[in-house]
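Visitor: Please take one strand of the sheet and look at it closely. Then show me what surrounds it.

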Amino acid sequence: MKFAIIVFPGSNCDYDAYYVMKKHLQVSVKFVWHQNSDLSNYDCIIIPGGFSYGDYLRAGAIARFSKIMQAIKLESEKGKPIIGICNGFQILVEYGLLPGALITNESTRFISRQISLKVSNNNALFTKNYNKNEIINMPIAHKQGNYFADKKLLKILKDNNQIAFRYTNNPNGSCDDIAGIFNDKKNILGMMPHPERASEGLLGSKEGVKIFESIVSSF
């Protein structure tokens, strides 16, 4: 199984994701620069966190125009798993591969701390190694992590079971406590918390690894 980690100018969690994939899962993983246009040789795509293009305009608003995005869309249409973490989630939303919007935190401040999540849907390739409603811990680090969906979209997300994770103590004002969502086919996951930074007990939690283990066990 081959993983691609997409690197944009300003990515800063790419090596964290690489470490998890290499040390804990021992799978093939490569960094792919955002100006590349072919991802056909990879089985899974990770868009890591960071501050692509310095978060100018809006987080992810410039990165969504990178050449690699068309390749990501093409592979998503083939059903390949794609996970966007923090800034990666913002990029997927800006490009339109995930619905809704990510706006400035309710406090207007950058938040960096450990939080608790509830697993809302464990019947997807990213979450099947968790239990339904399991409480897990991992860190967040964002200023524009406040997920917004209007009433119509929120109903769709609930009806289609597209809400992956919810905050147990909402840190940023996200509607319905949403911390992560799937696309309608559930082969794309976007989430603001950082599972790659929750890979070892030394880091405060190792509960994030199950997301990547779930992906690998699907192949």
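Guide: First a definition: two strands pair if DSSP finds at least two bridges between them. Helices (H or I, at least four residues) and strands (E, at least two) are DSSP runs, numbered from the N terminus. The model is predicted: local features need pLDDT of at least 70, side-chain atom pairs count only at pLDDT 80 or more, and totals for chains, interfaces and linings use all residues. Residues are numbered from 1 along each chain as its sequence is written, and side-chain values use heavy atoms, with hydrogens and water left out.

The strand is β9. Four of the five residues of β9 (residues 163–167) are buried (under 20% relative accessible area, with exposed over 50% and partly exposed in between; 1.4 Å probe, protein chains only). Strand β9 is therefore largely enclosed by the rest of the structure.

Now its partners. Strand β6 (residues 111–119) pairs with β9 in the antiparallel sense, over three bridges. In that pairing, L117 stands opposite Y167 of β9. Strand β10 (residues 178–182) also runs antiparallel to β9, again joined by three bridges. There F165 faces G180 of β10.

Step back to the sheet. It is open, has nine strands and mixed pairing, and follows the order β2-β1-β3-β4-β11-β10-β9-β6-β7. The edges are β2 (28–33) and β7 (135–142); each has a single partner strand, so one side of each lacks a neighbour in the sheet. Neighbouring strands are turned by 25° against each other on average, direction ignored. Axes here are lines fitted to C-alpha atoms, for helices over the stretch in contact, and angles run from 0 to 180 degrees between N-to-C directions.

Helices lie on this sheet. Helix α1 packs on it, touching β1 (2–7), β2 and β3 (44–47) (contact means heavy atoms within 4.5 Å). The direction of α1 makes about 160° with that of β2. Helix α3 (residues 87–95) lies across β3, β4 (82–85), β10 and β11 (188–191), at about 115° to β4. Strand β10, the partner of β9, is thus among the strands that α3 lies across.

Helix α1 also meets a helix. The axes of α1 (residues 14–25) and α5 (residues 209–217) come within 11 Å and cross at roughly 65°. The two are therefore roughly perpendicular (65 to 115 degrees; under 35 is roughly parallel, over 145 roughly antiparallel, the rest oblique). V20, M21 and L25 in α1 meet V209, F212, E213 and V216 in α5.
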